[in-house]
Amino acid sequence: MSAQTRLPGACKSIAEKWAIFPDFSPNFFLPIFPSRNRFQPNRKTIFRQKISRKKRFFCPWLRQCCGHLVATVLIARALKDVKGVSIWQHASRLIDFLPPTSHSTEDRILLNALAFVLGRLGSANQCVEYCASYLEIEGTYKGDLLERWMKEDLIGTLNEGEQIVQQLVNAVLLESFPNGESIRMPDEVREELVNFYQAGMDPILLLELDGRGLIDAPESEAWEEANGMYLMNNKISNLPDNLNCPLLSALFLQGNLHLRLAELRKFILRSCRLLMELPAEIGDLNHLELTHLKVSFYLPTAIGNASNGIIPQNVISKLEQLGVLSIDVNPEDKRWNATIEHILPEVCGLEKLHLLKLHLPDVSLLSNDLIQKLSRMHFRFIVGNHLKRIISRLPHELAIKFKEQERCLKYVNGGDDIPTEIKKGEGIPTEIKKGADGIPIEIKVVLQHATGFFLERHLTAISLSEFMVTTMENLTFCVLQECNNIEAIVNADDVDDGDVILRSLEYLSVHYMKKLSSIWKGRTIGNSLSCLKVLALYSCPQLTIIFTRDLVQNFKNLEELVVEDCPEISSLLQLPSEEQSKMDRSLRNLKKISLHYMPKLVNIFGGAQIAPSLEWLSFYDCPSLEILYPKEVSSKELKVIIGEADWWSALKWNESKGLEPRNLDVIFKPIKRDIDLRTQLAEINDKLQDQKQIIVYKTVRSWC
């Protein structure tokens, strides 16, 4: 079943399970996760005719929840019987309000959902906090809970308590069982509520004054306290002077036809899904001295006219103070192809530019002028034509890590590129040659400056060596995905003697590589990959070799190894038994090994005493791993072994050399087959980190 059919079904099941929107027809959910034919006129017309104004908030609201089931259910139940459109609108805005914090996007979405729900509970909020802190995990009798609330002066009468319990059950913050006599708090709700209260979340103040016919903007005091201001569709002509907005993260002013912004110094547009083009008048904002211009153009391709540009000519060139330029576009929007060609020379003329984010549909757009600026600025380039996927195959957290790199290149659907001529003496090193490998010279040169490289769906490359790996001296982060002809990450036979390969690389993640058979091919070159800290290999059906006798010596800084869904691997180390003793104490910094979905795995390192600092061992669905060697788990730092309970109980120990394994049952953590593996691993990891913090805290206290 495809993702397009699966996701709407999930939305329907949410609504049906919790009885959220009983009057919605099944067709209502189809446009939320549309198919490729999303702009069929009949579906769009039917959709608009069937839903009321209130229901129209559901689509953006559900998207804003980003598939977070708990947040979706909490908000939906809070809005179940609400008829006021303004409250629906407020919920949508609050969920979408993501101020800069240390929390991840998913955490902030859930915290915002809880802020909305708890803000509508009134005095019952205190009862929720009590349950999150003191209610037994297995639950308690409702009568006992009400008595405890009364002792804490949270309620005045039992009748009041009954009403609050029912209110919290309806809000999915509590659940009753059996026959309503006992009460408990769902585990996932408790966990998030504890995080919410521990985070000390302040109320999010959204000043919603849109469409009020205001002539004057709010007074300065309101700007000091507001987190977001909605002043659209009014008659405001001026904003207060010398505004102090320490908490303001979102300001909406569209529809104020007489408003003058000649003194504007910072201009950012985000999530403007129907923004068709950038007006030429932006070039008149001569005081954009804080140098920020961030815009997103995600007009559906069926609406955009390919003959029209998005940004008029001679607009970017007028913004002489511009230092940050970020333009995010729909990769299927053909208007961008015309736009980028005429604005690129203007961009290259911005002398103060130090951060540039662009999508370049063709390699030839990496001009000499642009390449010469790379050493003086941070950049994030997407090069190549690609379709926007409804669901990315790349883990979300990995995509976030890639975007955190200072100089990023994502190269998509390469292999059909025709290498272009670049004149020597214009910033292009002479050793970069247009070879028979077919990799464009421009890509190789950009990689000299890049700290992050994401190679996706390359059609012809056989190894990463074709991209001149010896010149990637700044590269620390690399992701390879769906490059179906790559057979080895590095082919040392393509490298000159004495050249060190990927000397700075710290993170390497490989996904869905059909022909990958080994990490390294050819002679071993000392100090190559010597800085690598994380090696992750996912879904490589022909991969058989990870470490060899010589190569393992290069991985002296490796800290984490993940191998998942690689069915042909039988051992991590290919080594004759008579040479195992020579490998003892290798991989000294390796702390974490995760081996999942590996049907042919029979041992870890073939009995060699490797990874003396190992702390984490995770196994899942490795049916052939029936014997462990005591040396493989001899690390004194080992804190957890993870796997299925039945696998652990049937496991045998190789004791041919008289070595007795220490009692490891105390550190074994069983995995349940009916719960998502990644969720369980994350929970175990969190608990280990908490234990570390407690130990550190106790140590510090003992010193004091």
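Is Asp565 buried, exposed or partly exposed, and what is its relative accessible area? In this predicted model, Asp565 is partly exposed, with a relative accessible area of 35%. The residue belongs to the loop that lies between strand 20 (560-564) and strand 21 (573-574). Its backbone has a positive phi of about 55°, although Asp565 is not a glycine.

A positive phi in a residue other than glycine is also found at Asp621, where the value is near 55°. Asp621 is placed in the loop between strand 23 (616-620) and strand 24 (627-628). For this aspartate the relative accessible area is 34%, and Asp621 is therefore classed as partly exposed, given that the partly exposed class lies between the limits of under 20% for buried and over 50% for exposed.

Strand 12 presents another environment. Of the 6 residues in this strand (residues 407-412), 6 are buried, so strand 12 is largely enclosed by the rest of the structure. Burial applies to both faces: Arg407, Leu409 and Tyr411 point one way, Cys408, Lys410 and Val412 point the other way, and all are buried. The residues enclosed in this manner thus include Arg407 and Lys410 along with Leu409 and Val412.

Strand 12 is paired with two strands, strand 11 and strand 13. Strand 11 (residues 378-383) runs parallel to strand 12 and is joined to it by 5 bridges; within this pairing, Phe381 has Leu409 as its bridge partner. Strand 13 (residues 452-456) is likewise parallel to strand 12, and 5 bridges link the two. Here Tyr411 stands opposite Leu455. Leu409 and Tyr411, which take part in these pairings, point one way from strand 12 together with Arg407.

Phe381, the bridge partner of Leu409, is also prominent in the packing of nonpolar side chains. The largest nonpolar core comprises 110 residues, and Phe381, Phe467, Phe547 and Phe605 are those with the most contacts inside it. Helix 12 (residues 335-348) gives the most to this core, contributing 6 residues. A second core, separate from the first, has 39 residues, among them Leu74, Leu114, Ala171 and Phe196.

The surroundings of Phe605 were examined further. With neighbours within four places in sequence left aside, Phe605 is in contact with Phe547, itself one of the residues with the most contacts inside the largest core. The other contacts of Phe605 are Ser571, Leu572, Leu573, Leu587, Leu590, Ile593, Ile610 and Glu632.

Key
Residues are numbered from 1 along each chain as its sequence is written. This is a predicted model: local features need pLDDT of at least 70, side-chain atom pairs count only at pLDDT 80 or more; totals for chains, interfaces and linings use all residues. Side-chain values use heavy atoms; hydrogens and water are left out. Buried means under 20% relative accessible area, exposed over 50%, partly exposed in between (1.4 Å probe, protein chains only). Helices (H or I, at least four residues) and strands (E, at least two) are DSSP runs, numbered from the N terminus. Two strands pair if DSSP finds at least two bridges between them. A nonpolar core is a set of buried Ala, Val, Leu, Ile, Met, Phe, Trp, Tyr and Cys residues joined through side-chain atoms within 4.5 Å. Contact means heavy atoms within 4.5 Å.
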